[in-house]
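Student: I would like to learn how to read a structural model feature by feature. Could we take a few features in turn, with the general idea and then the case at hand?

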Amino acid sequence: MKDKRIIIFDTTLRDGEQCPGASMNLREKLEVARQLARLKVDVIEAGFPVISDGDFEAVQAIAREIRGPVICGLARCVARDIDATGAALKPAGKRGRIHIVLATSKIHREFKLGKAQDEIIRLAVEGVKRAKSYVKDVEFSPEDGSRTEPEFLVQVCKAVIAAGATTVNIPDTVGWAVPEQYGALIKRLHDEVPEFQNGKAVISVHCHNDLGLAVANSLAAVHAGARQVECTVNGIGERAGNAALEEVSMALKTRGDFYGGFSCGINTREILKSSRMVSRMSGLVVQRSKAIVGENAFAHGSGIHQDGILKKRETYEIMDPKDVGWGGTELPLTKHSGRAAVAWRLKHLGFKMTEADVQAIFARFKEIGDKKKFVYDDDLAALVEGQITEVPETWSLEYLHVTSGNQTVPTATVRLKKAAKKGKAESEVVQDAGIGDGPVDAALKAIDRLAKTKGHLMDYSLRAVSQGKDALGEVTVKVNFGDGELVTGKGASTDVIEASARAYLNAVNRFLCEEPQSQRPSQP
Ligand code: KIV
Ligand code: ZN
């Protein structure tokens, strides 16, 4: 095995976004794609174009704008999907990749597809040939590959490669594999398919984390001959998620001794920034003890460890936190900073903002600057997030007053402005009060009464965006408005009750304008 370069295929915007309540709008996806390009992933799987107009537009916009990585779109093995993906990827030109998925395992063949092995091979070959009429770079995934009979999998690999597939990906779709067995499967495919040895086709792996083994399985596969690893930032994805990009890339870097010098092109200093951005945009909070990017990943509680670190960092630290983006010093902005300083900082942070965006963010920056001494980069990023959620603001918060205490019934008075309808000059202002179990509950009940919605709060998280007692609080909520789907809302303020009301209102506005996911075609 001469080639020691591992291709990092990022599917945050496709498999990651499939996670309930993690859906992102076009601008959010574009910001993430720009960050993935700075992170230097090799392939960005930008979405599943046939699934909705929004997905099609996102793949197309990413294909048009992002330079550097290959841009990939997913298609089921049917003409309609492949044609839509080919069309969405057109602006990427030679950097476009169509990724076709078709299930191959016995259980999927019998119960899901009702098709025999030879029929699956015929369809796979037909699909790859059709995709080849759009792009040279075609990836084929035998879905549930890890549970497919190995001898059949060898036949599938040979057939799709003969039809023109340049990458064959072996998904552990249901997270069933364990490292030794998955590694042995990859080795067998590597040994029995000549094109994996002579570099004419790349063998790829795609692992889910149902048993907490996604990263371990991916690394075992690298050891066995895989040359592409599919992963997501923060490991977000269906159910328990996918292999985490930051863990795979840092394991390869840190344990290059064991992995025989395999490396990837990831710019590891962009890892933390990518993690924070994906967490914000997807509304999926990173657990404190998460490897590499969790708040505690480099925090040493014990005195013995602290003492050791002061004497020699490597005694207790296997990675330098700076290598993944921790510990950069920044000059915070203050309320005296002008619009130009804020605009420069936004650009420096990598955000692509219009004049109107900068204006709106600057207005919020001034409000916040009046309440807290320093405005840090993370505070600004939270304001950007609020700006680019791009939800038409059907309802906006005008006024909020809460009373609460241990001897008081928590009460909230809320005034909302309803945006003027097309052709109607006047917006409407409405006010009501609500009581609840606590001040947040009271505020949300009042909002529901005014907006005539009935939301069930399924998840609520509050995090301090930056340091200090006056830190900006960022609230993320996941709300079910009765149709079973989770709608994410985000809001930030120095006042956590106000941040909660803003987050809930953001979810209400999303709910009022979003296309229900249940009306979309089913995803693989
Ligand atoms: O998990 C899976 O099987 C997938 C395929 C589309 C590769 O996500
Ligand atoms: Zn998957």
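Tutor: We shall go through a ligand site, a helix, some single residues and two backbone angles, bearing in mind throughout that this is a predicted model.

Student: Let us begin with the ligand, then: which residues surround ligand 1?

Tutor: The idea is to list the residues that have a heavy atom within 4 Å of the molecule. Here the shell around ligand 1 consists of Arg14, Asp15, His99, Val101, Ser141, Glu143, Asn169, Pro171, Thr173, His206 and His208. Sorted by class, that shell has six polar, three charged and two nonpolar residues. At least two shell residues each come from helix 1 (12-16), strand 4 (96-103), strand 5 (137-143) and strand 6 (167-172).

Student: Which polar side-chain atoms lie at a short listed distance from an oxygen atom of ligand 1, and what are those distances?

Tutor: One looks for pairs of N or O atoms within 3.5 Å. For Thr173, a polar side-chain atom is 2.7 Å from an oxygen atom of the ligand. In the side chain of His208, an N or O atom lies 3.0 Å from an oxygen atom of ligand 1, and for the side chain of His206 the corresponding distance is 3.1 Å. As for enclosure, ligand 1 taken alone exposes 260 Å², of which the protein buries 98%.

Student: Turning to helix 16, how does the distance between its end C-alpha atoms agree with the expected span?

Tutor: The check multiplies 1.5 Å by one less than the number of residues. Helix 16 covers residues 377-388, twelve in number, so a span of 16 Å is expected, and the end C-alpha atoms are indeed 16 Å apart.

Student: Why is helix 16 described as largely enclosed by the rest of the structure?

Tutor: A residue counts as buried when its relative accessible area is under 20%. Because nine of the twelve residues of helix 16 are buried, the helix is largely enclosed by the rest of the structure. Those buried residues are Asp377, Asp379, Leu380, Ala381, Ala382, Leu383, Val384, Glu385 and Ile388. Their cover includes helix 2 (26-39), helix 12 (271-282), helix 14 (339-348) and helix 15 (355-371), together with strand 13 (473-480) and strand 14 (486-493).

Student: What does Phe362, in helix 15, touch beyond its neighbours within four places in sequence?

Tutor: With those neighbours left aside, Phe362 is in contact with Ser337, Gly338, Arg339 and Val342. Its relative accessible area is 14%, so Phe362 counts as buried.

Student: And is Asn509 buried or exposed?

Tutor: Asn509, which belongs to helix 18 (residues 496-513), has a relative accessible area of 3% and is therefore buried. Not counting residues up to four places away in sequence, Asn509 touches Val391, Pro392, Glu393, Thr394 and Trp395.

Student: Finally, the backbone: which residue other than glycine has a positive phi near 60 degrees, and where is it placed?

Tutor: That residue is Lys452, with phi near 60 degrees, and its place is in the loop between helix 17 (439-451) and strand 12 (456-464). A second case is Asn234, not a glycine either, with a positive phi of about 65 degrees; Asn234 sits in the loop between strand 8 (228-231) and helix 11 (245-254).

Student: Are these two residues buried or exposed?

Tutor: Lys452, at 76% relative accessibility, counts as exposed, whereas Asn234, with a relative accessible area of 12%, is buried.

Technical notes:
Residues numbered from 1 in each chain as written. Chains lettered and ligands numbered in written order. Predicted model: local features only at pLDDT ≥ 70, side-chain atom pairs only at ≥ 80, totals over all residues. Heavy atoms only, no water. Polar contact = N/O pair within 3.5 Å; in protein donor to acceptor, adjacent residues only side chain to side chain. Areas by Shrake-Rupley, 256 points an atom, 1.4 Å probe, with all protein chains shown as cover. Nonpolar A, V, L, I, M, F, W, Y, C, P; charged D, E, K, R; others polar. Buried < 20%, exposed > 50% of the residue type's maximum accessible area, 1.4 Å probe, protein only. Contact = heavy atoms within 4.5 Å.
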